[in-house]
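Trainee: I have a new structure open and no idea where to begin. Can you walk me through it?
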Amino acid sequence: MEGDKKAAAAMAEEVVEQKTKEVAAAGDVSLKELSKKLNDFAKERDWEQYHSPRNLLLAMIAEVGELSELFMWKGEVRKGLADWDEAEKEHLGEELSDVLLYLIRLSDMCGVDLGDAATRKIVKNAVKYPAPSKEGA
């Protein structure tokens with residue numbers, strides 16, 4: 001029984017690795033592509049009924065909590081995470097991905113084009129917080 005579980009886990013990990021390589025070979029993934037994948041994923045599992053904005057927001061907040069746990073008690077963390085081992089970095093990537101995926105799904109369920117909204121917000125912030133002038137440089 002234990003051997004079967006280990007074999008199944010190894011096979012699942014192999015499938016994840018293969019799918020990850022396929023996606024990586026395709027280059028950068030857009031928000032719209034992720035949105036479509038998430039929509040298809042939810043439809044295939046009949047999960048759309050659970051994907052109300054409120055439920056997605058609460059799920060995302062839970063994932064932010066899990067993300068926060070990774071940094072708890074570590075003190076100031078240096079850029080690049082030089083003090084973290086590969087398993088910790090991989091776990092961080094998974095938790096960051098969970099937050100991103102719930103954010104994308106939430107924006108879709110609210111009818112917000114996240115890419116457009118983010119671009120507009122960057123422009124608004126640039127106007128609100130202009131870069132210091134480089135006079136005399």
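Mentor: Start with W73, which counts as exposed because its relative accessibility is 79%, over the 50% cut-off. One caution before we go on: this is a predicted model.

Trainee: Where is W73 placed?

Mentor: W73 is in the loop between α3 and α4. Its backbone stands out too. W73 is not a glycine, yet its phi is positive, about 70 degrees.

Trainee: What about L81, what is its phi?

Mentor: About 55 degrees, so to speak on the positive side, and L81 is not a glycine either. L81 also sits in the loop between α3 and α4.

Trainee: Is L81 buried or exposed?

Mentor: Buried. L81 has 15% relative accessibility, and buried means under 20%, so L81 makes the cut.

Trainee: What does L81 touch?

Mentor: Leaving out residues up to four places away in sequence, L81 touches K89 and L92. L81 and L92 are also both members of the largest nonpolar core.

Trainee: Which residues make up that largest nonpolar core?

Mentor: There are 9 in all: L56, M60, L67, L70, L81, W84, L92, V99 and L106. Helices α3, residues 53–71, and α4 each supply at least two of them. The most come from α3, with 4 residues.

Trainee: Why would nonpolar side chains be buried together?

Mentor: It is a general tendency in soluble globular proteins. I would not read more into it than that.

Trainee: Let's zoom out. How many helices and strands are there?

Mentor: The protein has 5 helices and 0 strands. From the N terminus on, the order is α-α-α-α-α.

Trainee: What is the radius of gyration?

Mentor: It is 20 Å for the protein. A compact globule of 137 residues would have one near 14 Å. The C-alpha trace spans about 75 × 40 × 35 Å along its principal axes.

Trainee: How much of the protein counts as buried?

Mentor: Of its 137 residues, 15%. The protein exposes about 11,000 Å². Carbon and sulfur atoms supply 59% of that area.

Trainee: And the charges, how many are positive and how many negative?

Mentor: There are 20 positive and 28 negative charges. Their mean positions lie 7 Å apart.

Trainee: Switching to contacts. What share join residues at least 24 apart?

Mentor: Take the contacts between residues at least 6 apart in sequence. Of those, 66% join residues at least 24 apart.

Trainee: Give me a pair that is separated in sequence. How far apart in space are H51 and L106?

Mentor: They are 8.0 Å apart, C-alpha to C-alpha, with their positions 55 residues apart in sequence. H51 is in the loop between α2, residues 31–44, and α3. L106 belongs to the core we listed.

Trainee: Is H51 buried or exposed?

Mentor: Buried, because its relative accessibility is 16% and the cut-off is under 20%.

Trainee: What does H51 touch?

Mentor: H51 touches A42, L56, R105 and M109, again not counting residues up to four places away in sequence. One of these, L56, is in the core as well.

Trainee: There is H91 too. Where does H91 lie?

Mentor: H91 lies in helix α4, residues 86–109. H91 counts as partly exposed, because its relative accessibility is 34%, between the 20% and 50% cut-offs. H91 and L70 are 21 residues apart in sequence, and their C-alpha atoms are 8.3 Å apart.

Trainee: Last one, S30. Where is S30 found?

Mentor: S30 is found in the loop between α1, residues 2–25, and α2. At 32% relative accessibility, S30 counts as partly exposed.

Trainee: How far is S30 from G115?

Mentor: Their C-alpha atoms are separated by 8.9 Å. Along the chain, S30 and G115 are 85 residues apart.

Technical notes. Residues numbered from 1 in each chain as written. Predicted model: local features only at pLDDT ≥ 70, side-chain atom pairs only at ≥ 80, totals over all residues. Heavy atoms only, no water. Helix = DSSP H or I, 4+ residues; strand = E, 2+ residues; numbered from the N terminus. Rg over C-alpha atoms; globule rule 2.2 N^0.38 Å. Buried < 20%, exposed > 50% of the residue type's maximum accessible area, 1.4 Å probe, protein only. Contact = heavy atoms within 4.5 Å. Areas by Shrake-Rupley, 256 points an atom, 1.4 Å probe, with all protein chains shown as cover. Lys, Arg positive; Asp, Glu negative; His and termini not counted. Charge placed at Lys NZ, Arg CZ, Asp CG, Glu CD. Core = buried A, V, L, I, M, F, W, Y, C linked by side-chain atoms within 4.5 Å.
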